[in-house]
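Please open the model in a viewer and keep the sequence at hand. The stops below are meant to be selected one after another.

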Amino acid sequence: QVQLVESGGGLVQAGGSLRLSCVASKSIISIAAMSWFRQAPGKQREFVATITNGGTTNYAVSMKGRFAISRDVAKNTVYLQMNSLKPEDTAVYYCKSFSPTYWGQGTQVTVSS
């Protein structure tokens, strides 16, 4: 079993930045991939970004260039740096592990206009 704990969400003005963290309870090298998803009110959960255990990254088209996923293997932590935030980025952001598959509890990001 893998426990994932997100943090770093909050309220920020449009154009601002936030960095989310996801701490895993086991080595992220042993997990095939770590991803961020988000879910806005009344909408389906959507993919944001992923990083494999080999370090390969991939992004949703709409977020590429503004968001960056990274990791600190020694800390079992994956980060999501979010820049130039927009009100439409407001959502609960979730961390997800693949193989094994687990979800974190989510962290709220609110971007005011």
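The tour of this predicted model goes from a sheet to the nonpolar core and then to a group of aromatic rings.

**The sheet.** Begin by selecting β1, β3, β8 and β7, which form an open antiparallel sheet in that order. β1 (4-7) and β7 (67-72) are the edge strands; each has a single partner, so one side of each is left without a neighbour in the sheet. On average, neighbouring strands are turned by 20 degrees against each other, direction ignored. Next, display β3 (residues 18-24) with β8 (residues 77-82): six bridges join these antiparallel strands. Among the residues to label are valine 23 and its bridge partner in β8, threonine 77.

**The core.** Now select Met34, Trp36, Leu80, Met82 and Tyr93, the residues with the most contacts inside the largest nonpolar core, which has 29 residues. The largest share of this core, four residues, comes from β3. Centre the view on methionine 34; its contacts include Leu4, Cys22, Ile69, Val78 and Cys95.

**The aromatic cluster.** Finally, select Phe37, Phe47, Tyr94 and Trp103, which ring pairs link into a cluster. Phenylalanine 37 and tryptophan 103 meet edge-to-face, at 5.1 Å centre to centre and 65 degrees between the planes. Phenylalanine 37 lies in β4 and tryptophan 103 in β10, so this pair ties together parts that are 66 residues apart in sequence. Tryptophan 103 also forms an edge-to-face pair with tyrosine 94, at 6.2 Å and 90 degrees. Phenylalanine 37 is buried, as is tyrosine 94, whereas tryptophan 103 is partly exposed.

Which residue lies over the face of tyrosine 94? Add arginine 45, at 3.7 Å from that ring centre; arginine 45 also lies over the face of tryptophan 103, at 4.5 Å from the ring centre.

Terms used
Residues numbered from 1 in each chain as written. Predicted model: local features only at pLDDT ≥ 70, side-chain atom pairs only at ≥ 80, totals over all residues. Heavy atoms only, no water. Pairing = 2+ DSSP bridges. Helix = DSSP H or I, 4+ residues; strand = E, 2+ residues; numbered from the N terminus. Axes fitted to C-alpha atoms, helices over the stretch in contact; angles between N-to-C directions. Core = buried A, V, L, I, M, F, W, Y, C linked by side-chain atoms within 4.5 Å. Buried < 20%, exposed > 50% of the residue type's maximum accessible area, 1.4 Å probe, protein only. Contact = heavy atoms within 4.5 Å. Phe/Tyr/Trp six-rings, centres within 6.5 Å; stacked < 30°, edge-to-face > 60°. Lys NZ or Arg CZ within 6 Å of the ring centre and 35° of its normal. Lists of a residue's contacts leave out its neighbours within four places in sequence.
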